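The report that follows describes one chain, and it is best read with the sequence and the structure side by side.

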Amino acid sequence: MLTQSNHLPPRDLLPSLGPMHIDSVNAEKLTSYICRISTAACLPVGCVIRNLIDPALNKATRGAISSADCHHMVNSFGSKAEAWVGALQTLTGRDDLEKLTMLPLRRAFGTKHSLVSPGRRWCPICLETDLQSGDPIYERLLWSITHVDHCAHHDCRLTNVCPTCGKKHLLEITTRQIPGFCSYCHSWLGGAVASQGSSEISINEYDRFVEDSFSCLIGSSHSIRENFDRSGIAASLRCLLDGTELTSRRISVFLGASHGIVNDWLSGKVFPSPANIFRICYCFDIAIVDFLTGCNDRFPSAASRELPTILRQQVKERRRSREINWSAVKFHLDAVVSGEITETSTLAIAKRFGLDTAQIYKRFGDEYRAASRICAEHRRTQHLAIRAARDRSLVSEVEAEVARLLSKGEFPAMKRILHTLVKRRIAVDRKRDRDIVSRVRRELLGL
Ligand SMILES: [Zn+2]
Ligand SMILES: [Zn+2]
């Protein structure tokens with residue numbers, strides 16, 4: 001007699017598949033690798049994340065990244081990426097999965113800026129090439145970087161829209177994802193090239209420079225990455241200042257940064273953001289690798305390029321915003337703290353005055369922190385009220401469904417009620433809703 005044990009071949013839960021093209025510009029990303037090992041293990045990605053990866057994470061990181069909204073962060077260089085790499089290395093027995101994330105670049109950029117886009121993007125021609133060549137189909141780390149909009153190999157724009165069903169892939173991972181296939185209609189995502197021609201006009205020199213720089217960084221060897229050192233940026237900037245005979249004020253105008261922030265970079269108090277590092281390298285025509293490794297002998301003697309018009313316009317807008325009436329901002333913050341005005345977030349306050357939150361924080365630190373706490377409390381209260389209203393609505397829907405089933409002579413089974421409510425999008429098949437349905441049903445049936 002066939003039993004389950006001799007009917008099914010023995011299998012590893014997570015096979016130790018080799019990652020694709022690590023240490024090259026075509027390096028695979030961690031989320032694509034997770035999809036490939038899930039497919040190889042004949043398990044849905046959601047199941048692998050929920051039952052294998054999540055339990056392998058430590059308590060501190062588990063809660064923070066259980067949400068699907070955060071899954072793109074595992075390709076980045078923060079604590080989430082570190083936690084997932086650690087968990088997957090334990091599960092697969094590999095030791096090179098860090099190279100599928102931005103973690104090797106944290107020496108260059110720190111861990112404050114994520115640099116990865118929240119949604120899934122791809123180059124249809126690269127996918128088609130994978131398919132035609134018979135190689136494993138996988139998604140590249142470069143496609144996840146926010147600043148990269150084009151495929152350098154095919155000169156076409158990356159897309160996040162399925163050519164068949166037209167849905168946007170706003171999440172990095174979905175429950176049944178397979179590399180190269182749509183998460184919603186499961187059709188092939190590669191090949192569609194005809195519709196991309198018109199977008200080529202928008203590739204400007206600065207975008208191409210940033211994309212090439214990221215290609216260099218991702219494709220750089222381990223020995224080069226070891227030399228990345230952002231603590232040397234201050235020295236590199238001073239060297240640039242001496243070589244070009246520009247003052248810090250002149251450089252600040254050139255880069256569209258404030259004079260104060262350039263002085264902070266020069267003194268080493270703060271590090272330039274990745275966006276500002278790219279601006280410096282672009283304007284002075286320095287290779288990003290030379291700048292980050294401190295090869296000062298290759299620095300130019302004069303600034304050679306201006307920022308594109310769109311970036312300069314952003315700078316001008318920011319300057320105008322600084323002419324805001326600061327006493328009005330202070331008055332508004334005080335009113336929020338005292339409860340006279342209700343705001344949902346400090347970002348909303350900043351937007352009201354056309355400012356960045358950082359600008360308000362810098363000027364009114366204490367008031368900003370107090371307002372932030374009040375806003376968070378307000379959001380919590382709002383959230384609880386919405387949740388309570390939804391629960392009340394769910395209870396009345398369960399009561400109506402039980403009454404409907406009884407009137408039809410059908411037994412109001414838990415599964416039947418839940419199925420109907422989920423189908424009508426009134427409930428979701430999660431513990432919280434299941435508990436409510438179960439409680440109300442039992443009360444009504446007197447069980
Ligand atoms: Zn491509
Ligand atoms: Zn689709």
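The expected span of a helix is taken as 1.5 Å times one less than its number of residues. By that yardstick helix α8, which covers residues 205–219 and so has 15 residues, reaches 21 Å from its first C-alpha to its last, close to the 21 Å expected. The model in which this helix is found is a predicted one.

**The chain as a whole**

The chain contains 21 helices and 2 strands, and of its 447 residues 29% are buried. Among the contacts with a separation of 6 or more, 67% are accounted for by residues 24 or more positions apart.

**Two helices with a buried face**

In α8 the buried residues are V210, S213, F214, L217 and I218. Seen down the axis of α8, these residues fall within an arc of 130°, so they line one face of the helix. The general background is that an α-helix has 3.6 residues a turn, so residues three or four places apart point the same way. What covers the buried residues of α8 includes α13 (274–283) and α14 (288–293).

Helix α3 (residues 45–56) has 12 residues, which at 1.5 Å a residue should span 16 Å, and its end C-alpha atoms are 15 Å apart, in agreement with that expectation. Its buried residues are V45, V48, I49, L52 and I53, and because they fall within an arc of 130° when seen down the axis of α3, they line one face of the helix. The face turned away from that buried side carries the exposed residues N51 and P55.

**How α3 packs**

The buried residues of α3 pack against α2 (30–40) and α5 (79–92). Between α3 and α5 the packing angle is about 110°, with the axes 8 Å apart, and the two helices are therefore roughly perpendicular to each other. In passing α5, helix α3 makes a right-handed crossing. On the α3 side the contact is made by L52, I53 and A56, and on the α5 side by W84, A87, L88, T90 and L91. L52 and I53 are also listed among the buried residues of α3.

**Two loop residues with positive phi**

Most residues other than glycine have a negative phi. Against that background, H21 has a positive phi, near 50°, and C42 has a positive phi of about 55° although it is not a glycine. The table sets out their surroundings.

| Residue | Phi | Place | Other C-beta atoms within 10 Å | Exposure |
|---|---|---|---|---|
| H21 | near 50° | loop between α1 (4–7) and α2 | 16 | partly exposed |
| C42 | about 55° | loop between α2 and α3 | 7 | exposed |

**R225, a buried arginine**

Is R225 buried or exposed? With 20 C-beta neighbours inside 10 Å, R225 counts as buried, because a residue is taken as buried if 20 or more other C-beta atoms lie within 10 Å of its own. R225 is found in helix α9 (residues 222–226). Leaving aside its neighbours within four places in sequence, R225 is in contact with P104, L105, R107 and S220. The C-alpha atoms of R225 and V289 are separated by 8.7 Å, although the two residues are 64 residues apart along the chain.

Technical notes: Residues numbered from 1 in each chain as written. Chains lettered and ligands numbered in written order. Predicted model: local features only at pLDDT ≥ 70, side-chain atom pairs only at ≥ 80, totals over all residues. Helix = DSSP H or I, 4+ residues; strand = E, 2+ residues; numbered from the N terminus. Buried ≥ 20, exposed ≤ 12 C-beta atoms within 10 Å, placed from the backbone. Contact = placed C-beta atoms within 7 Å. Arc of directions from axis to C-beta. Axes fitted to C-alpha atoms, helices over the stretch in contact; angles between N-to-C directions. Parallel < 35°, antiparallel > 145°, perpendicular 65-115°, else oblique. Left-handed = near helix turned anticlockwise from the far one by under 90°.
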